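Visitor: I am new to this structure and would like to learn how to read it. Could you walk me through a few features, one at a time?

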Amino acid sequence: AAVVTPLSEDGLSLNLSVVPIQAEYLQNTGVSTAFVAGTTGESVSLSVSERMDLLEEWESVSSDYGISTIAHVGAESIQDVLTLTNHAVEHGVIAIGIMPSVFFKPATIVNLGAWIEVAANAAPLLPIYYYHIPSQTGVEFDMLDLLKEMESRGVSNFVGVKYTGLYETRAFPDLMLCQQYNNGAYDIMSGREEVMVEALAVGVTGFIGSQFNYGGDIYNQIFSETDMIRRNSLQVAAIVLLEDWINGVPAGVDGNKMLVNLAGIPAGPARLPSLPPTEADYVALAQQVTSWCNDSSLGGLFDPIPAICVAVARRR
């Protein structure tokens, strides 16, 4: 799961007391890994010290709930990248993820490779993944070119890509070329659960995304379903739930984090520039989720009942 970052009601400080609640929910819904302070976790909206405190809290609960951690270390300054990477090395992560700087963007694939190499060299014993999310970063290189660049640099602990840019032109062909490159030497994970069926069809086995915060059990059922017709129906149902919080909340409000709160995890609002939801916003979204849960062609398809449905029913 690309875990949300729990914040105070004004969004100005961390609320680390919520992390054990998050970890328990992940464990109960079949999620085994937390990707800490990624896009869903509001990465660059947090200070470096906040990101380190957050990772340490996840480390402190990881053994209790069987949750491994991956630290996202992308930042605007390469010095901050190194600070976060060195900290991650000391705090029990199984891997590191890194996105590029997004104001002064890498102009070429060579620039991007140099950026990643600095972080990789600071953590030579940890696998490092590039976090490809061009919709947010504006960095739009083909990932096959990145694999070739990292190989030419001899960065042995560069192991693959968290490929979230699956809506982009040529994304799936690029992903498939990456999977085949050098006899499948690199791990290409999907960052978009709503295309899990498509990703599974081309051989992707790793998934890290925002919807696992509330719906790990939903996507585990999709992942394990072997009947293609039923798998497709489950995927469509999950997409409808996704559309409920994308389109069913006011502009500028983080609907995913609202759904996490509805799941019984008091994660607070997203930090500015996101706007805090009102109670009326929560009521409206809860009604949409209830309708989804009670529809036999949507939430009613899942067995057992999704945890989000149980939580919203208790809220009434």
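Guide: Gladly! Let us begin with a single residue: N182 is partly exposed, because its relative accessible area is 41% and the partly exposed class lies between under 20% for buried and over 50% for exposed. Please keep in mind that this is a predicted model.

Visitor: Where is N182 found?

Guide: Look in the loop between helix 7 (171–180) and strand 6. N183 lies in that loop between helix 7 and strand 6 too.

Visitor: Is N183 buried or exposed?

Guide: N183 counts as exposed, because its relative accessibility is 77%.

Visitor: What should I look for in the backbone angles of this loop?

Guide: Here is the general idea: most residues other than glycine have a negative phi. Now the case at hand: N182 has a positive phi, near 50°, and N183 also has a positive one, near 60°.

Visitor: And how do I read peptide bonds?

Guide: In general, most peptide bonds are trans. In this model, a cis bond joins L272 and P273, with omega about 20°. You will find P273 in the loop between helix 11 (255–262) and helix 12 (279–294). Another cis bond runs from D303 to P304, where omega is near 10°. P304 sits in the loop between helix 12 and helix 13 (307–315).

Visitor: Let us turn to the sheet. What is the order of its strands?

Guide: To read a sheet, follow the strands from one edge to the other. This open sheet has six strands in the order 1-2-3-4-5-6, and the pairing is parallel. Strand 1 (33–36) and strand 6 stand at the edges with a single partner strand each, so one side of each has no neighbour in the sheet. On average, neighbouring strands are turned by 25° against each other, direction ignored.

Visitor: How can I tell whether strand 4 is enclosed by the rest of the structure?

Guide: Check its residues for burial. In strand 4 (residues 128–132), five of the five residues are buried, so the strand is largely enclosed by the rest of the structure.

Visitor: Which residues of strand 4 point one way, and which the other way?

Guide: I128, Y130 and H132 point one way, while Y129 and Y131 point the other way, and all are buried.

Visitor: How does strand 4 pair with strand 3?

Guide: Pairing is read from the bridges. Strand 3 (residues 95–98) pairs with strand 4 in the parallel sense, over three bridges. In one of the matches, G97 stands opposite Y129, and I96 has I128 of strand 4 as its bridge partner. Between the two strands, the chain passes through helix 4 (residues 109–122), and this β-α-β crossover is right-handed.

Visitor: How many bridges join strand 4 to strand 5?

Guide: Five bridges join strand 4 to strand 5 (residues 158–163), and these strands run parallel. There, I128 stands opposite F158 of strand 5.

Visitor: You mentioned helix 4. How do I describe the way helix 4 and helix 6 meet?

Guide: Ask how far apart the axes come, and at what angle they cross. The axes of helix 4 and helix 6 (residues 143–153) come within 9 Å and cross at roughly 55°. The two helices are therefore oblique to each other, and their crossing is right-handed. Helix 4 brings I109, V110, L112, G113, A114, I116 and E117 to the contact, and helix 6 brings D145, L146, E149, M150 and R153.

Visitor: Could we finish with residues in other loops?

Guide: Of course. F141 is in the loop between helix 5 (134–137) and helix 6, and F141 is partly exposed, with a relative accessible area of 22%. Setting aside residues up to four places away in sequence, F141 touches P106, A107, T108, I109, L112 and H132. F141 and A107 are 34 residues apart in sequence, and their C-alpha atoms are 9.8 Å apart in space.

Visitor: And is R192 buried or exposed?

Guide: R192 counts as buried, because its relative accessibility is 19% and buried means under 20%. R192 is placed in the loop between strand 6 (187–190) and helix 8 (196–201). Apart from neighbours within four places in sequence, R192 is in contact with S135, T164, L166 and Y167.

Conventions
Residues numbered from 1 in each chain as written. Predicted model: local features only at pLDDT ≥ 70, side-chain atom pairs only at ≥ 80, totals over all residues. Heavy atoms only, no water. Helix = DSSP H or I, 4+ residues; strand = E, 2+ residues; numbered from the N terminus. Buried < 20%, exposed > 50% of the residue type's maximum accessible area, 1.4 Å probe, protein only. Contact = heavy atoms within 4.5 Å. Pairing = 2+ DSSP bridges. Right-handed = clockwise from strand over helix to strand, strands pointing away. Axes fitted to C-alpha atoms, helices over the stretch in contact; angles between N-to-C directions. Parallel < 35°, antiparallel > 145°, perpendicular 65-115°, else oblique. Left-handed = near helix turned anticlockwise from the far one by under 90°.
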